[in-house]
Amino acid sequence: MKTNKALLSTIGVILIALILVFGVSGDSKDKLLHEGTAMYFPNAVDFAGEITPLQITDVKERLDRELLINANLHATTVLIIKRANRAFPVIEPILQKYNVPDDFKYLAVIESGLTNAVSGAGAKGVWQFMPDTAKEKGMEVNDIVDERYHLEKATEAACKYLLSAKEKFGSWTLAAASYNGGMTGVGKKIEEQKVSNYYDLALTEETSRYVFRILALKEIMRNPAKYGFSIFSSDLYSQIPSKKIEIDSSIIDLADFAKTQGINYKILKIHNPWLRDKKLLNPTKKKYEIEIPLSGY
């Protein structure tokens, strides 16, 4: 019986191999052979419903570059996929509230890897706002409070920017590109080159790659197994249940305050990274919401 099972298994493997080699031709065979590896390439992609013209040679090659890079940045990409399970449930309803396409959550991915990153130029947070832009969009930025580190408020600010960019350019793809290249910069390139499609524009190296990086992370994160990533639901970082308490006065010592909430200073700062000092001075009686975890500490 064992011999028969082994024989049948061997025959099955041979048949599959024969089908792959002789029964499928051209691109379809290549796709089957590449599936489950970093070499996989999709038949079609889009950003926010706007089709990427893969029939254009340079467009296809630019996407291929970003797919290969990110599929081979194994540890980095795995960490992003794990973090997304915690960050996306915060980002997605805000995008929906502002009628900004869900695909823009992948813009946050390429900006920061879903961490509170700090750039050399001074951009901070998951959405990488510069101080002046953050203030223009209604965020508080100072030595005590920096709402660029507040995921909900930063996402709302990003939505406001993207809606303005969409209104200016008439395209979500160009709106995404302008998040990197600036509305003025992208607008100038459109005027100079007399085209109005992102994929027809000659842009700076960074902005030229920008949307393709978004497309690549979207494709890999939605279909990780096709690119060789074996990730189980139990591997993902789960959301931590929490409560929010409203504060409208100063907190002289955040470590003491944390203890009154049954946690320590470290846990308080992990859940409220927008608190940038050891105290919260609030002479104007502004209302702040402080997140207190209910487990996980």
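These exercises look at helices, strands and buried residues in a predicted model.

Residues are numbered from 1 along each chain as its sequence is written, and side-chain values use heavy atoms, with hydrogens and water left out. In this predicted model, local features need pLDDT of at least 70 and side-chain atom pairs count only at pLDDT 80 or more, while totals for chains, interfaces and linings use all residues.

**Exercise 1. Describe how helices α8 and α9 pack.**

Step 1. Locate them. Helix α8 spans residues 172-181 and helix α9 spans residues 183-193. Helices here are DSSP runs (H or I, at least four residues), and strands are DSSP runs too (E, at least two), numbered from the N terminus.

Step 2. Take the geometry. The angle is about 120°, and the axes are 7 Å apart. Axes are lines fitted to C-alpha atoms, for helices over the stretch in contact, and angles run from 0 to 180 degrees between N-to-C directions.

Step 3. Classify the angle. Under 35 degrees is roughly parallel, over 145 roughly antiparallel, 65 to 115 roughly perpendicular, and the rest oblique. So α8 and α9 are oblique to each other.

Step 4. List the contact (heavy atoms within 4.5 Å). From α8 come Leu 174, Ala 177, Ser 178 and Gly 181; from α9 come Met 183, Gly 185, Val 186 and Ile 190.

**Exercise 2. Find the buried side of α9.**

Step 1. Apply the cut-offs. Buried means under 20% relative accessible area, exposed over 50%, partly exposed in between (1.4 Å probe, protein chains only). The buried residues of α9 are Met 183, Val 186, Gly 187 and Ile 190.

Step 2. Check their directions. They cover an arc of only 100° around the axis, so they sit on the same side of α9. The arc is that of the directions from the helix axis to the C-beta atoms.

Step 3. Recall the rule. An α-helix has 3.6 residues a turn, so residues three or four places apart point the same way.

Step 4. Find the partners. The buried residues of α9 pack against α7 (151-169) and α8.

Step 5. Look at the other face. Turned away from the buried side are the exposed residues Thr 184 and Lys 188.

**Exercise 3. Is Arg 62 buried or exposed, and what does Arg 62 touch?**

Step 1. Place Arg 62. This residue lies in helix α3 (residues 57-72).

Step 2. Read its area. The relative accessible area is 17%, so Arg 62 is buried.

Step 3. Leave aside neighbours within four places in sequence. Arg 62 is then in contact with Tyr 198, Tyr 199, Ser 208 and Phe 212.
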